[in-house]
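Dear colleague,

I am passing on a structure that I would like you to look over. Please open it alongside this message, and my notes on two places in it follow below.

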Amino acid sequence: MNGFLANAILYMLAAIICVPIAKRLGMGSVLGYLFAGILIGPYLLGFITNEVEGQDIMHATEFGVVMMLFLIGLELEPKNLWNMRQLILKVGLTQVLLTALLIFGIGIFLGIQWQISLAIGLSMALSSTAIVLQSLKEKNEMNTPTGKMSFGVLLMQDIAVIPILALLPLLVFGQSTPVEATSGIHGFIDNLPGWGQTIAIVGAIGIVVLLGQFGFGPLLNWVAKTRLRELFTASALLIVVAIAFLMELVGLSPALGSFLAGVILANSPYRHALESDLEPFKGLLLGLFFMAVGSTINFNLIYSNASVIVSLTLGVIALKTIILLIIGKSKKLRISSNLSFAIGLSQVGEFSFVTYAFALQLGVFDQALSDTLMAVTALSMTITPLLLVILDKFILPAIDKTHQDIEKEMDKIDEHNKVILIGFGHFGSTLGRFLRANGVEATILDSDPDRVEYLRKMGFKVYFGDGTRAELLHAAGAGEASILISAIDSTPYSIKIVELCKEEFPHLDVMIRAKNRYDAFELMEMGVKNIYREHLDTSIRMGEDVLKKLGFRAHTVHRLAKQFRTYDEDALKILVNYKDNQDEYISKNKQQIEMQESLLSGELMRKFSVNDQTWDSDSIKEAEKSENKSQ
């Protein structure tokens, strides 16, 4: 198929078919895009006729990685980046150096020239920023220990690209037949002496910092005054493209330069507008990049050298995983978090394609070696998301179920209270602090050892253990307690607690947190009476504040909110009988909403006593006095 429009239709159609299927199967969008690229590549349907075409598309769509790092930079204020310096330097630098040295050593052991071994080691030390960050964002893990450590390593790797590209030309002098590097990789900087190159690099970084501080703000402000959304979008694209171009001119990583610009603009009032305008472009370009990676996998080469390439790929993944596991263990990551961290970063990254091309151009690599390394890299980028799916679906659930007993024994509980509180996250800690502030002590249990340790440092007496275990509840004094509260955000976990209490502690008054009405229905069918939907009271309280700001009397609002909560909970008892019949459920729900609105209208028309005015704000009272005087 020829022509830009035909290719555009082809890529979009492949993505629309493959990505939803992959998401539905729980594989994530990255695998969907990779499979789409393989499907339309030269070895299956053949719409992309050769690997070169796929590589051209991949190099063009690497701009998606640049945009992604710019957007990540926008979310990081400079002080937060400074706070990450230990993570970036210690964890990230350790990973890069250890991986490069081990691969270099293995190459020397196998009799490969030291220049080639070093170039391979440095290139394969890099991981895929695009795959790792996209996976973390989809799983909402960017702010977890796994996400923070992964980001620190990736940022260090992006920084490492600069000295790696600077080092590769020096390896030529050890080759028997060096090939003169042609210009194009580093732009005009190749023609400068060493001191000139240093000045150019420092100057480029200085220009980015100065533009971020004093140039981009006025530019965006001037464009924003036109009130033309498309012009603001063009300005956002101009900033990213210009920075990428400047970085390429001086031989720096465009992604790193864009990240730096994003960090500088993190405090800009236009931060959120930039994010919303660039996000669609980033997503589309990243998707095309992953498809291009899939289409560049040379299955003929893999088939003809299957044992070598598959062994190399699995060996690199295994080696990087072991190194990362050791680093994660030294940072005291839990085993489940450590596995996610290590396997997530175990592939070879997209910037390695750049170093391979440069090494080939310099004559460090020959064509056959370059093709083999590119096949290993593309294959590793395809295998790692599959390994993460297996990890998330099968291995981590098994570890989470059994590891706590292995890692840490259940705490010995030395107090018995009338209230037992299971789960001390955001919801549970707020509840626990409220009870303690009113003189009610609760025996607090939590199954997350990291959280237990953290809360103990903050002065809370929290016991580690699984609240679904009868022996733990016996030790916590459930036999003498009056109330058991489940503040866990997992309904299946709460259901186990309810079943256990019915069997072992039927005297307990069980109070359960539910995410929504559907979880509440499930608990109601089990006979649970005290169910607390986590968003109900917050939503009503916000509604109360809206009415007060609109001039409603405070006590009137209080009465209306109380009635609405009562009507809503009564409606829940009716709707639970129709939850499995969608048509009936919709019909009954509509009836209940109409009834609630009618009853609340009646409440609003009632004449309340003069005492209602005592709840009013001073501004309402003053306004009424002024109105009475004018009359």
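At roughly what angle do the axes of helix H4 and helix H8 cross? In this model, which is predicted, the axes of helix H4 (residues 63-74) and helix H8 (residues 129-138) cross at roughly 50 degrees and come within 10 Å of each other. Because angles from 35 up to 65 degrees fall outside the parallel and perpendicular classes, H4 counts as oblique to H8, and the crossing of these two helices is left-handed. On the H4 side the contact is made by Val-65, Met-68, Leu-69 and Ile-72, while H8 contributes Thr-129, Ala-130, Leu-133 and Lys-137. Sorted by character, the residues of this contact between H4 and H8 comprise six nonpolar, one polar and one charged.

The second place is Asp-277, which lies in helix H13, a helix that covers residues 271-295. With a relative accessible area of 5%, Asp-277 is classed as buried, since the cut-off for that class is under 20%. Leaving aside residues up to four places away in sequence, Asp-277 touches Arg-229, Phe-232 and Thr-233. Two of these neighbours also meet Asp-277 through polar contacts between side chains: the one with Arg-229 is 2.7 Å, and the one with Thr-233 is 3.3 Å.

When you go through the model, I would be glad if you looked at both places with these values beside you.

With best wishes

How values were computed:
Residues are numbered from 1 along each chain as its sequence is written. This is a predicted model: local features need pLDDT of at least 70, side-chain atom pairs count only at pLDDT 80 or more; totals for chains, interfaces and linings use all residues. Side-chain values use heavy atoms; hydrogens and water are left out. Helices (H or I, at least four residues) and strands (E, at least two) are DSSP runs, numbered from the N terminus. Buried means under 20% relative accessible area, exposed over 50%, partly exposed in between (1.4 Å probe, protein chains only). A polar contact is a pair of N or O atoms within 3.5 Å; within protein, one must be able to donate a hydrogen and the other to accept it, and residues adjacent in sequence count only if both atoms are side-chain atoms. Contact means heavy atoms within 4.5 Å. Axes are lines fitted to C-alpha atoms, for helices over the stretch in contact, and angles run from 0 to 180 degrees between N-to-C directions. Angles under 35 degrees count as roughly parallel, over 145 as roughly antiparallel, 65 to 115 as roughly perpendicular and the rest as oblique. A crossing is left-handed if the near helix is turned anticlockwise from the far one by less than a right angle, and right-handed if clockwise. Ala, Val, Leu, Ile, Met, Phe, Trp, Tyr, Cys and Pro count as nonpolar, Asp, Glu, Lys and Arg as charged, and the others, Gly among them, as polar.
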